[in-house]
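Here is a friendly walk through one structure, with a few places worth finding on screen. Have the viewer open and follow along.

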Amino acid sequence: MAVKLEEKDLKILRCLEENGSYNLDEISKITNISRSTVHYRLKKFKKMGLIKGTLIELNPEALGLDITTVTFVSVSYDNTTPEEIGQKLASISGVFAVYYILGDFDFIVIARAKDREDLKRILREIHAIDGVVKTGTHFVASIIKEEKRLLVNYNEEDLKKLFCE
């Protein structure tokens, strides 16, 4: 179900995406929206499920997680469902995204590893899942864009068209 937002909502949400630790006064000052309106809208967003929580973004390279891989996974669904296999893939330590896809493969798994041994562990765990038939793993040579925030990927005009009209 598509959500209808006002321009004020978009301003508040963009501000939160920029820095989830802003308090009401800071959001009000940055967006030029009254503190009480910001408070009311934030409560509404949480109730709607639009805001899931507040996260900080850690730098994976600074943590030594220098290896990023994209693994395509083919599956045979003899005794299981895509949801079950997807959950098993998602539970592997080091996996930070799992996508169920349509096409030549069934899943895309994005993982970060500290070194080759850690990567081999992740791949062994993927192959150990019942139903996994074939994988193809690609090393990321360089990250051009990796954005976890949603609204920054849209310009102001497109956001208004998508959510306000």
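## A strand with two partners

Let's begin with a residue pair: Thr71 stands opposite Val109 in strand 3. This is a predicted model, so please read everything below in that light. The pair belongs to a longer match, in which strand 1 (residues 67-75) and strand 3 (residues 107-113) run antiparallel and share 7 bridges.

Strand 1 also pairs with strand 4 (residues 132-139), again in the antiparallel sense and over 7 bridges. To find this second pairing on screen, look for Ser74, whose bridge partner in strand 4 is Lys134.

How many of the 9 residues of strand 1 are buried? The count is 7, and strand 1 is thus mostly covered.

## Where two helices cross

Now turn to the helices. Helix 1 spans residues 7-18 and helix 6 spans residues 156-163; their axes come within 10 Å and cross at roughly 125°. Because of that angle, helix 1 is oblique to helix 6. Is the crossing of helix 1 and helix 6 left-handed or right-handed? The crossing is right-handed.

## Who meets whom

Helix 1 contributes Glu7, Leu10 and Arg14 to the contact, and these meet Glu156, Leu159, Lys160 and Phe163 of helix 6. Sorted by class, the contact of helix 1 with helix 6 holds 3 nonpolar and 4 charged residues, with no polar ones. Leu10, Leu159 and Phe163 are the nonpolar members, while Glu7, Arg14, Glu156 and Lys160 are the charged ones.

How values were computed:
Residues numbered from 1 in each chain as written. Predicted model: local features only at pLDDT ≥ 70, side-chain atom pairs only at ≥ 80, totals over all residues. Heavy atoms only, no water. Axes fitted to C-alpha atoms, helices over the stretch in contact; angles between N-to-C directions. Helix = DSSP H or I, 4+ residues; strand = E, 2+ residues; numbered from the N terminus. Parallel < 35°, antiparallel > 145°, perpendicular 65-115°, else oblique. Left-handed = near helix turned anticlockwise from the far one by under 90°. Contact = heavy atoms within 4.5 Å. Buried < 20%, exposed > 50% of the residue type's maximum accessible area, 1.4 Å probe, protein only. Pairing = 2+ DSSP bridges.
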